[in-house]
Each structure stands twice: as structure tokens, then as C-alpha cells.
Amino acid sequence: EARDAIRSKRAVPLAAAARAARAAWDGEVIDYKLCRVSGLLTYNLTLLSDDGRVARARVDAGTGKLLAVK
């Protein structure tokens with residue numbers, strides 16, 4: 001589904017979503033999922049920092065804008 005969404009321009013590439021997440025929280029993306037949440041297509045990213053902390057970021061897949069970081 002992710003490739004189809006990117007090809008049809010319904011989603012930005014994963015690299016763009018990762019950049020948005022990393023701009024808000026310094027870490028390496030270690031896992032991701034493309035999900036539909038309340039009708040909105042989102043990337044749910046898991047990031048790991050150099051000191052071992054883990055964060056979860058949600059990025060709007062259509063726009064590439066960061067929605068939340070926990």
C-alpha cells in the first residue's frame with residue numbers, strides 16, 4: 001500500500017517523513033508503518049537516539065508534516 005500511495009501522490013516518500021520526524025527529535029528511524037488513522041494516511045515512525053532513548057513520531061503522509069512525537 002505504501003508504494004501505491006507514493007506513486008499516486010497520496011503520500012510523500014518515507015525519506016521526507018523521516019526528515020520531519022528527525023527535525024523534531026534527534027534519532028535514527030528504526031521502524032515505520034504507513035497507517036490510516038481516522039481516515040488520515042500517516043507514517044508512524046519509531047526513532048532511536050544515540051543514548052538509547054526511543055520516540056514515536058506520527059507524520060501526515062499526504063503533506064509530510066509532523067503531527068506528534070512521544
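## The largest pocket

Let's start with an open space: the largest pocket holds about 180 Å³. Keep in mind as you explore that this is a predicted model. Which elements give two or more residues to the lining of the largest pocket? They are the strands β1 (28–37), β2 (40–48) and β3 (54–60).

If you would like to find the pocket on screen, look for its lining residues: Asp 31, Lys 33, Asn 44, Leu 45, Thr 46, Arg 56, Ala 57, Arg 58, Ala 68 and Lys 70. Sorted by class, this lining has five charged residues, three nonpolar ones and two polar ones.

## A salt bridge

How many salt bridges does the structure hold? There is one, and its partners are Arg 53 and Asp 51. Their closest N and O atoms lie 3.2 Å apart, a distance that counts because a salt bridge calls for such a pair within 4 Å.

Are the two partners buried or exposed? Asp 51 has a relative accessible area of 56%, so Asp 51 counts as exposed, the cut-off being over 50%. Arg 53, at 48% relative accessibility, is classed as partly exposed.

## A nonpolar patch and a buried serine

On the surface you can also look for a nonpolar patch of about 240 Å². Three residues make this patch: Ile 30, Leu 48 and Val 54. Val 54 belongs to strand β3, and with a relative accessible area of 46% Val 54 is partly exposed.

Now turn to the loop between β2 and β3, where you will find Ser 49. Is Ser 49 buried or exposed? Ser 49 is buried, because its relative accessible area is 8% and the cut-off for buried is under 20%. Another residue to compare in position is Ala 68, one of those lining the largest pocket. Ser 49 and Ala 68 are 19 residues apart along the chain, and 17 Å separates their C-alpha atoms.

## Two loop residues with positive phi

Most residues other than glycine have a negative phi. Which way do Lys 9 and Ser 38 go? Lys 9 is not a glycine, yet its phi is positive, at about 65 degrees. You can find Lys 9 in the loop between α1 (2–7) and α2 (14–24), where Lys 9 is exposed with a relative accessible area of 72%.

Ser 38 is not a glycine either, and its phi is positive at about 50 degrees. The place to look for Ser 38 is the loop between β1 and β2. With a relative accessible area of 80%, Ser 38 is exposed.

## A buried alanine in helix α2

Our last stop is Ala 20, which sits in helix α2. At 18% relative accessibility, Ala 20 counts as buried, because the cut-off for that class is under 20%.

Where along the chain is Leu 66 with respect to Ala 20? The two are 46 residues apart in the sequence, while their C-alpha atoms are separated by 5.8 Å. Try picking out both residues in the structure to see this pair for yourself.

Key: Residues are numbered from 1 along each chain as its sequence is written. This is a predicted model: local features need pLDDT of at least 70, side-chain atom pairs count only at pLDDT 80 or more; totals for chains, interfaces and linings use all residues. Side-chain values use heavy atoms; hydrogens and water are left out. On a 1 Å grid over the protein atoms alone, a cavity is a set of points where a 1.4 Å probe fits but cannot get out, and a pocket is an open set with protein on both sides within 12 Å along at least five of seven lines; lining residues have an atom within 4 Å of a point. Grid points are joined across faces, edges and corners, and a volume is the space filled by probe spheres set on the points. Helices (H or I, at least four residues) and strands (E, at least two) are DSSP runs, numbered from the N terminus. Ala, Val, Leu, Ile, Met, Phe, Trp, Tyr, Cys and Pro count as nonpolar, Asp, Glu, Lys and Arg as charged, and the others, Gly among them, as polar. A salt bridge is a side-chain nitrogen of Lys or Arg within 4 Å of a carboxyl oxygen of Asp or Glu. Buried means under 20% relative accessible area, exposed over 50%, partly exposed in between (1.4 Å probe, protein chains only). Patches are made of residues with over 30% relative accessible area and no salt bridge: like charges are joined within 9 Å, nonpolar side chains (Val, Leu, Ile, Met, Phe, Trp, Tyr) within 5 Å. Accessible areas come from the Shrake-Rupley method with a 1.4 Å probe; for residues, only the protein chains shown count as cover.
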